[in-house]
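Me: I'm new to this one. Could you show it to me and let me ask some things as we go?

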Amino acid sequence: MAHALALAARGLGRTWPNPAVGCVLVRDGRILGRGWTQPGGRPHAERRALDQAGEARGATAYVTLEPCAHHGKTPPCAEALIAAGVTRVVTALTDPDPRVAGKGHAMLRAAGIAVTEHVLAAEAQRLNAGFLKRVTQGLPFVTLKLATTLDGRIATASGESRWITGPEARRYVHGLRLAHDAVMAGSGTAHADDPDLTARDIGATHQPVRILLDRKLRHSPASRLGQTARAHPVWVLHGPDAPQEAQQAWTATGARLMLCPVAEGHLDLGAALSQLAAQGLTRILSEGGGTIAAALIQAGLVDDLIHLTAGKIIGAEGTPALGALALLRLADAPRFRRLAQRSLGQDMLCHWTRA
């Protein structure tokens, strides 16, 4: 199952709206076939493993998520396992999708196949947290990335921010982008840095969706995002007060525009994330400035926080990593639990999850 989970992780960022699943077929202590969900969600991991095995009669299938039981673009994986003659199926999680939700396990048992559930369930839940959250809550899993100095600054008083962290940390961030369905930034960061939000210098064969939150469409369509919108998808979320000319200019770049409600003078982030989940996104990496970061934290929408710290100090005149949270009591401070910590060159990575 641990091997199946490692295989499943290869699909992160590429299988949405489907989950990233891994499957290993074993007989007499020997691996017959293995597979993971392919880009776009098809074919499924079980089908890949069965095709690689060729003949799997009498085998045990280790699958990180309950095999599907419904007819979609492909026949149910539960049926494929039955037809292949496997005698046992070991799973990590029950699929919460109402079309499955125990039906796959029931179909296998009805065919006389032994089913063992909940093996490495916590690890599988962590791996597919995005898919699970989208299905059960209608929201994507949000990872907030912060790259700061020791004193929590992201730019000097003049606005200089390249580079706070070193090359090893920046390379890690590019890999982080690939493991998410989309990368998100706000108009303030886009205007200051003119980012393209792609994964570079790591041999990427695909790119995440790039999301710009820009209520009034202030960011120029002649920017790097606009110029590359036809090469790699750009989705721009704007408010009802965005000028018509700006909407037309962005549409002309090939970007996809999405109208989003406004609350208290800003895009409603909860509504925005709900819209993005409805479009199939399960995992979003937010790299968008202190204002967006603070708003996401304040709304309780951040699931994981990746904090990269460089051994530099800028001082109080520098730009803080977070905007105001309007906290008066320490007891009200949002809390996170540390998952991992390690060095990246001269920088420090700390991975936190919402407590």
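What follows is a chat about rings, sheets, buried spots and charged pairs.

Reply: First, some ground rules: this is a predicted model, where local features need pLDDT of at least 70, side-chain atom pairs count only at pLDDT 80 or more, and totals for chains, interfaces and linings use all residues. Residues are numbered from 1 along each chain as its sequence is written, and side-chain values use heavy atoms, with hydrogens and water left out.

Me: How are the rings of W16 and W235 arranged?

Reply: Rings of Phe, Tyr and Trp (its six-membered ring) pair if their centres lie within 6.5 Å; planes under 30 degrees apart count as stacked, over 60 as edge-to-face and the rest as tilted. Searching the whole structure turns up 1 aromatic pair. The centres of W16 and W235 are 6.2 Å apart and the planes sit at 85 degrees, so the answer is edge-to-face.

Me: How many residues apart in sequence are the parts that W16 and W235 tie together?

Reply: Helices (H or I, at least four residues) and strands (E, at least two) are DSSP runs, numbered from the N terminus. W16 is in the loop between α1 (2-9) and β1 (22-27), while W235 is in strand β10 (residues 234-238), so the parts tied together are apart in sequence by 219 residues.

Me: Is W235 buried or exposed?

Reply: Buried means under 20% relative accessible area, exposed over 50%, and partly exposed in between (1.4 Å probe, protein chains only). W16 has 23%, which makes it partly exposed. W235 has 7% relative accessibility, so it is buried.

Me: Which residue lies over the face of W235?

Reply: A charge sits over a ring if NZ of Lys or CZ of Arg is within 6 Å of the ring centre and within 35 degrees of the ring normal. R10 does this with W36, at 4.6 Å from the ring centre. For W235 the distance from the ring centre is 4.9 Å, and the residue is R256.

Me: Which residue is the bridge partner of G22 in β2?

Reply: Two strands pair if DSSP finds at least two bridges between them. β1 and strand β2 (residues 30-36) run antiparallel, joined by 6 bridges. They form a hairpin with 2 residues between them, and D28 in the turn has a positive phi of about 55 degrees. Across in β2, G22 has as its bridge partner W36.

Me: What are the edge strands of the sheet with the order β2-β1-β3-β4-β5?

Reply: That open sheet has 5 strands and mixed pairing. At its β5 side, strand β4 (residues 88-91) and β5 run parallel, with 3 bridges. The strands that each pair on one side only are β2 and β5 (114-116).

Me: And in the open sheet of 9 strands, by how many degrees are neighbouring strands turned against each other on average?

Reply: The order there is β11-β10-β9-β8-β14-β6-β15-β18-β17, and the pairing is mixed. β11 (256-259) and β17 (336-344) are the edge strands. Axes are lines fitted to C-alpha atoms, for helices over the stretch in contact, and angles run from 0 to 180 degrees between N-to-C directions. With direction ignored, the average turn between neighbours is 20 degrees.

Me: How far apart in space are T309 and Q346, C-alpha to C-alpha?

Reply: T309 lies in strand β15 (residues 304-309) and is buried, with a relative accessible area of 18%. Contact means heavy atoms within 4.5 Å; not counting residues up to four places away in sequence, T309 touches several residues, including T148 and D347. T309 and Q346 are 37 residues apart in sequence, and their C-alpha distance is 9.1 Å.

Me: Where does E55, the salt-bridge partner of R27, lie?

Reply: A salt bridge is a side-chain nitrogen of Lys or Arg within 4 Å of a carboxyl oxygen of Asp or Glu, and the whole structure has 13 salt bridges. R27 and E55 meet at 3.1 Å, N to O. R27 is in strand β1, and E55 is in the loop between α2 (45-53) and β3 (60-63).

Me: Is E287, the partner of R177, buried or exposed?

Reply: The closest N and O atoms of the R177 and E287 salt bridge are 2.7 Å apart. R177 is in helix α7 (residues 167-178) and E287 in the loop between β14 and α12, 110 residues apart. R177 has a relative accessible area of 8%, which makes it buried. E287 is at 13%, so this residue too is buried.
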